[in-house]
Amino acid sequence: MSVLDDFAVLKTLHVGPVTVSPKQVRAAYRVEAKDGRQDECDLIYSYEEACFDKNSPADVNLASMMLAQVALNYGLFFETIEFDGLFDKTDQRFLSDMMENTSREILANKLLIDNEFIKPAYKPLKLEKQKRYTRARIVFSNSAYAGLSVPKSSWQTRPDRYAILSSGGKDSLLTYGIINDIGTAYPVFINESGRHWFTAVNAFRHYRDRVKHTHKPWCNSDRVFNWMLRHLPFIREDYASVRADIYPVRLWTVAVFIFGVLPVAKKNLAGNVLIGNEYDTTVKGNLAGLSHYSGLYDQSRYFDNAMTRYYRDKGWGICQYSILRSLSELLIMKILVNRYPELQRFQVSCHAAHKAGDRMLPCGRCEKCRRIIGMLKALGGDPEACGYTQDQVSKGLEALENHSVKQIGSDAGHLYHLLLSKGLIRKTKLTGKMAKPHPEITALRFDRERSHLSDLPVHIRTPLFAILSPYADGAVKRHKTAWERIELTPELLTQTPYQLEES
């Protein structure tokens with residue numbers, strides 16, 4: 001008997017049946033405990049315009065996949081998970097594969113670490129290697145749409161239209177600014193119930209009044225995630241009062257929002273789905289022989305490529321990628337401040353944001369805030385433009401003198417180097433140790449793991465790098481342990497194959 005059996009605490013999770021109406025799709029999440037008790041909560045996506053036809057097999061199939069995503073976080077905790085909707089073999093394979101990957105990620109990055117949300121009796125957990133980490137038996141049923149089958153027809157899309165998963169973060173803002181200069185942008189703000197929406201409010205209001213194709217679907221996934229926590233006996237009852245930068249157990253989150261973008265992309269013929277992820281969000285790790293993605297799989301290039309392969313196998317005509325993977329966090333901020341200052345004013349990169357009048361403001365105290373303050377000051381920007389007070393800026397810089405930031409070593413080292421060299425922070429034991437110039441941080445970076453030119457469709461490359469290059473200190477490619485200068489020539493940009501091109 002595996003120690004993982006201690007976490008398979010619930011009998012069955014039923015997802016469905018799926019209900020489809022023109023502006024809304026929903027499915028019940030029903031938990032059945034081992035003692036027979038049951039509880040139910042609906043997962044809902046709502047749209048401001050009609051996106052679905054309940055008589056369309058393609059729409060029912062898309063709705064079924066949208067409503068299944070939240071459940072992929074719970075493969076370790078149930079004996080059986082049943083998906084009741086309209087699925088084909090491609091869908092079933094995708095859901096099974098992604099649940100298994102998520103189970104590995106949760107094991108490595110939630111259960112095998114010192115997770116303050118988990119009760120002491122359930123830790124420390126000893127790793128036992130398994131052929132399959134998902135404990136749940138996965139079942140597919142179709143109680144409501146037995147007369148329908150998933151069609152093989154392709155979606156009609158256009159390569160010059162881009163649906164962007166949008167928020168008030170710097171990555172999202174820069175992605176929109178660039179795409180608005182290149183093609184037709186469709187910013188999609190998923191209004192997730194809960195405080196996460198606070199980070200998006202300022203940017204959304206700006207877009208709503210000025211950007212024609214702005215969309216704001218509503219989703220209550222945050223409520224469903226919190227409802228599920230109350231059924232997991234290994235989670236502390238006071239989890240809501242714990243101040244932490246991580247979620248208690250979930251790690252398949254971005255896909256919940258990406259699938260919420262797809263109805264907008266389909267309706268508007270968008271051939272590109274973009275998410276703002278930079279160089280350091282693709283990370284491979286290994287914990288005592290268990291390979292994983294450091295809890296960042298759904299922000300990695302591997303996730304984008306897996307999603308694009310799924311879209312291709314479905315015939316949906318969509319490519320998913322980030323146009324920022326060659327950029328460091330510092331370079332993203334530099335381009336946003338210098339090329340799109342009118343967008344940077346709406347940046348809220350803080351998960352503890354609060355309302356002040358009619359505007360959302362950052363807390364000014366968390367690690368993310370002090371990192372943003374540090375980068376803006378290092379670049380000659382003005383943190384007050386996006387809501388920080390003078391006092392918060394001063395205290396943020398002071399905090400950087402004794403508390404590090406969550407960046408990979410070279411990125412953090414270069415930030416501290418800039419701050420020290422400009423006299424913005426004092427030399428302390430920490431800053432003296434951290435500060436070191438890494439000129440590649442402000443260059444366009446390419447390497448074998450995190451950033452590939454071949455991950456970008458050919459049509460986006462030339463206009464994209466025409467915008468990025470003037471703000472970067474050249475381009476570099478990692479060779480063994482060193483960075484070598486390269487030229488992004490027209491031949492390189494156009495002749496390097498897109499690795500996900502349909503053959």
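This is a short tour of a predicted model, taking in a helix pair, a buried isoleucine and some aromatic rings.

**Two helices that cross**

Let's start with helix α3, residues 170-182, and helix α8, residues 329-339. Their axes come within 10 Å and cross at roughly 55°. Oblique is the word for angles that are neither roughly parallel, roughly antiparallel nor roughly perpendicular, and α3 and α8 are therefore oblique to each other. As for handedness, the crossing of α3 and α8 is left-handed.

Which residues do the touching? On the α3 side, look for Lys170, Asp171, Leu173, Leu174 and Asp181. They meet Glu329, Ile332, Met333, Ile335, Leu336 and Arg339 in α8. Sorted by character, the residues of this contact are six nonpolar and five charged, with no polar ones.

**An isoleucine tucked away**

Next, find isoleucine 164, which sits in strand β6, residues 158-165. Is isoleucine 164 buried or exposed? With a relative accessible area of 0%, isoleucine 164 is buried, because anything under 20% counts that way.

Who are its contacts? Leaving aside residues up to four places away in sequence, isoleucine 164 touches Thr175, Tyr176, Ile179, Ala185, Tyr186, Pro187, Val188 and Leu274. If you want a sense of distance, try serine 193: isoleucine 164 and serine 193 are 29 residues apart in sequence, and their C-alpha atoms are 19 Å apart in space.

**Rings meeting rings**

How many aromatic pairs does a search of the whole structure find? The count is 27 aromatic pairs. Here are two of them, side by side:

| Pair | Centre to centre | Angle between planes | Arrangement |
|---|---|---|---|
| Phenylalanine 189 and tyrosine 207 | 5.3 Å | 80° | edge-to-face |
| Tyrosine 310 and tryptophan 316 | 5.5 Å | 80° | edge-to-face |

Take the pair of phenylalanine 189 and tyrosine 207. Phenylalanine 189 lies in the loop between β7 (184-188) and β8 (191-192), while tyrosine 207 belongs to helix α4 (residues 198-210), so the pair ties together parts that are 18 residues apart in sequence. Both phenylalanine 189 and tyrosine 207 are buried.

Now for the other pair in the table. Tyrosine 310 has a relative accessibility of 3%, so it counts as buried. Tryptophan 316, at 4% relative accessibility, counts as buried too.

Tyrosine 310 and tryptophan 316 also have further company: ring pairs link Phe94, Trp155, Phe259, Tyr310, Tyr311 and Trp316 into a cluster.

Notes: Residues are numbered from 1 along each chain as its sequence is written. This is a predicted model: local features need pLDDT of at least 70, side-chain atom pairs count only at pLDDT 80 or more; totals for chains, interfaces and linings use all residues. Side-chain values use heavy atoms; hydrogens and water are left out. Axes are lines fitted to C-alpha atoms, for helices over the stretch in contact, and angles run from 0 to 180 degrees between N-to-C directions. Helices (H or I, at least four residues) and strands (E, at least two) are DSSP runs, numbered from the N terminus. Angles under 35 degrees count as roughly parallel, over 145 as roughly antiparallel, 65 to 115 as roughly perpendicular and the rest as oblique. A crossing is left-handed if the near helix is turned anticlockwise from the far one by less than a right angle, and right-handed if clockwise. Contact means heavy atoms within 4.5 Å. Ala, Val, Leu, Ile, Met, Phe, Trp, Tyr, Cys and Pro count as nonpolar, Asp, Glu, Lys and Arg as charged, and the others, Gly among them, as polar. Buried means under 20% relative accessible area, exposed over 50%, partly exposed in between (1.4 Å probe, protein chains only). Rings of Phe, Tyr and Trp (its six-membered ring) pair if their centres lie within 6.5 Å; planes under 30 degrees apart count as stacked, over 60 as edge-to-face and the rest as tilted.
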